[in-house]
Amino acid sequence: MEKLIKSATVLDPHLIKNDFPVFKRRVNGKPLIYLDNAATSQKPESVINSIDNYYRNHNSNIHRGVHTLSYESTVMYEEAHKKVAEFIGAEDWRNIIFTRNATESINLLAYGWGLHNLKEGDEILITIMEHHSNIVPWQMLRDLKGIKINVLGVDEKGNLKLDDLPGLLSERTKLVSVIHASNVLGTVNPVKYITQEAKKVGALVLIDAAQSIPHLSIDVNDIGCDFLVASGHKMLGPTGIGFIYGRTELLQDMEPFMYGGDMIEKVTIEKTTWNELPWKFEAGTPNIVGGIGLGVAVDYLQNIGLTNIYNHEEELLVYALEKMAEYDWIKIYGHKSDSQSVGVISFNIEGIHPHDVAGMLDEQGIAVRSGHHCAQPLMRELSMDFAARVSFYLYNTKEEIDLCIETLKKIKKLFE
Ligand code: C6P
């Protein structure tokens with residue numbers, strides 16, 4: 001509640017809503033209030049049109065033919081890699097590998113890098129804040145290779161216990177894999193500092209940017225990380241597309257994750273050599289239209305400006321936290337310090353199961369998530385099994401937050 005709005009917003013969410021066709025529909029007879037953006041974002045008309053346009057006018061396989069459509073598809077798909085590279089400050093588009101999502105990206109790194117580079121006694125450092133997708137693949141490696149997983153904890157304010165960091169790092173640490181923004185608490189972790197500390201012991205650094213990249217300007221060179229992963233669907237793009245950024249030398253040294261068509265240079269029955277980056281890691285016919293749609297989503301975000309988006313969400317976050325704090329029957333998790341946060345608030349209402357809260361909000365057209373948010377170790381640490389969660393994006397308004405809180409008040413009354 002100590003958060004302060006640092007800058008005035010210059011973004012009009014009412015105008016932005018016009019770009020998103022889904023807001024024309026009603027849910028349970030009410031205008032849709034979409035507060036489940038951490039699960040997935042809505043899609044602007046331009047992204048939807050790009051998918052429609054691709055299938056109507058360009059549909060063809062990439063890298064497979066000399067005909068016009070194949071050439072156009074190939075150029076469009078490569079162009080999308082370039083847009084993502086530029087978006088995160090990567091020096092070369094070949095450092096961007098398209099995957100299905102952040103989960104597949106981390107698995108690709110666990111198999112492609114971890115399986116071949118880690119040995120018994122090596123250590124990986126994660127945090128208790130991680131999404132399951134940044135825990136379970138490393139457990140697979142722990143069981144296969146005999147590596148150890150160390151875990152950095154959180155304090156009662158919802159921040160990482162950074163004082164413990166040096167004690168958890170040693171020359172045995174080969175990878176630090178850390179969530180940038182928590183999908184439960186909203187906390188934005190100081191990944192540049194963590195990277196600097198990891199580098200002191202020679203560890204590689206992987207950033208899970210699934211919840212940060214839709215809201216914050218990211219520069220992989222400024223952070224200094226070796227790998228960064230994200231999902232397109234949380235940043236206005238289609239589902240089924242995500243990416244990995246990796247440093248060139250590391251990607252070149254890594255083994256492929258999937259084997260088959262397009263990832264090869266030359267195949268004989270005895271031996272195969274690999275294609276150049278990024279195709280070495282994009283086996284088979286990829287999600288071409290998904291990649292193109294993601295490129296258009298990046299255009300949209302850049303047009304609005306990440307600073308404007310962040311400032312708007314910060315204003316919504318401060319507003320919502322202040323309003324929710326007026327009711328002592330709402331328990332909010334995290335947000336107890338002035339450290340940076342994205343617009344995510346997990347909460348519980350005394351005596352009411354969060355699934356009931358989410359269900360009754362839905363009756364009023366208000367979409368929120370309830371559950372364990374795929375972060376069970378963090379939930380356990382915070383002494384909760386489930387929570388309801390609101391999460392904001394560029395099209396949300398203060399009026400929507402008011403309506404959500406008014407509905408929470410009605411739900412509370414009903415249960416009394
Ligand atoms: N979190 C949420 O509602 P995928 O499912 O692969 O697109 O994203 C996985 C993922 C990885 N890291 C973080 C920090 C995430 O928040 C997520 C997805 C969603 O919180 C779905 S569980």
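In strand β5, the side chains of E123, L125 and T127 point one way, those of I124 and I126 point the other way, and all of these residues are buried. The model described here is a predicted one. β5 covers residues 123–127, and 5 of its 5 residues are buried, so the strand is mostly covered; buried here means a relative accessible area under 20%. The neighbour of β5 is strand β6, residues 148–152. The two strands run parallel and are joined by 5 bridges. One residue pair can be picked out by name: L125 of β5 has N150 of β6 as its bridge partner.

From this strand pair the text moves to the ligand. Which residues are closest to the ligand? They are T103, D208, Q211, S231 and R369, and the shell around the ligand holds 18 residues. By type, the shell divides into 6 nonpolar, 8 polar and 4 charged residues. Two domains contribute to the shell, each with at least three residues. Domain 1 consists of residues 13–44 and 305–411, while domain 2 spans residues 48–302.

Several contacts with the ligand can be described atom by atom. In D208, an N or O atom of the side chain is 2.6 Å from a nitrogen atom of the ligand. In S231, a polar side-chain atom lies 2.6 Å from an oxygen atom of the ligand. A102 takes part through its backbone, where a polar atom is 3.4 Å from a ligand oxygen. On its own the ligand has 510 Å² of accessible area, and the protein covers 90% of it.

S231 deserves a second look. S231 belongs to strand β9, residues 227–231. With a relative accessibility of 3%, S231 falls under the 20% limit and therefore counts as buried. S231 also has a polar contact within the protein: a polar atom of its side chain lies 2.8 Å from the backbone nitrogen of A102. A102 and S231 thus each have a polar atom close to a ligand oxygen, at 3.4 Å for A102 and 2.6 Å for S231.

The backbone has some less usual points as well. Most residues other than glycine have a negative phi, and most peptide bonds are trans. Where is the cis peptide bond found? It runs from L277 to P278, with omega near 0°. P278 sits in the loop between β12 (272–274) and α10 (288–304). That loop between β12 and α10 also holds W279. W279 is buried because its relative accessibility, 4%, is under 20%. In sequence W279 is 182 residues from I97, yet the two C-alpha atoms are 7.6 Å apart in space.

Two residues other than glycine have a positive phi: for N28 the value is about 50°, and for D262 it is near 70°. N28 is placed in the loop between β1 (26–27) and β2 (30–31). D262 is in the loop between α9 (248–253) and β11 (264–267). Are these residues buried or exposed, or in between? N28 has a relative accessibility of 48%, which lies between the limits of 20% and 50%, so N28 counts as partly exposed. D262 has a relative accessible area of 14%, which is under 20%, so D262 is buried.

Notes. Residues are numbered from 1 along each chain as its sequence is written. This is a predicted model: local features need pLDDT of at least 70, side-chain atom pairs count only at pLDDT 80 or more; totals for chains, interfaces and linings use all residues. Side-chain values use heavy atoms; hydrogens and water are left out. A residue is near a molecule or strand if one of its heavy atoms lies within 4 Å of it. A polar contact is a pair of N or O atoms within 3.5 Å; within protein, one must be able to donate a hydrogen and the other to accept it, and residues adjacent in sequence count only if both atoms are side-chain atoms. Accessible areas come from the Shrake-Rupley method with a 1.4 Å probe; for residues, only the protein chains shown count as cover. Ala, Val, Leu, Ile, Met, Phe, Trp, Tyr, Cys and Pro count as nonpolar, Asp, Glu, Lys and Arg as charged, and the others, Gly among them, as polar. Domain bounds come from an automatic or database domain assignment. Buried means under 20% relative accessible area, exposed over 50%, partly exposed in between (1.4 Å probe, protein chains only). Helices (H or I, at least four residues) and strands (E, at least two) are DSSP runs, numbered from the N terminus. Two strands pair if DSSP finds at least two bridges between them.
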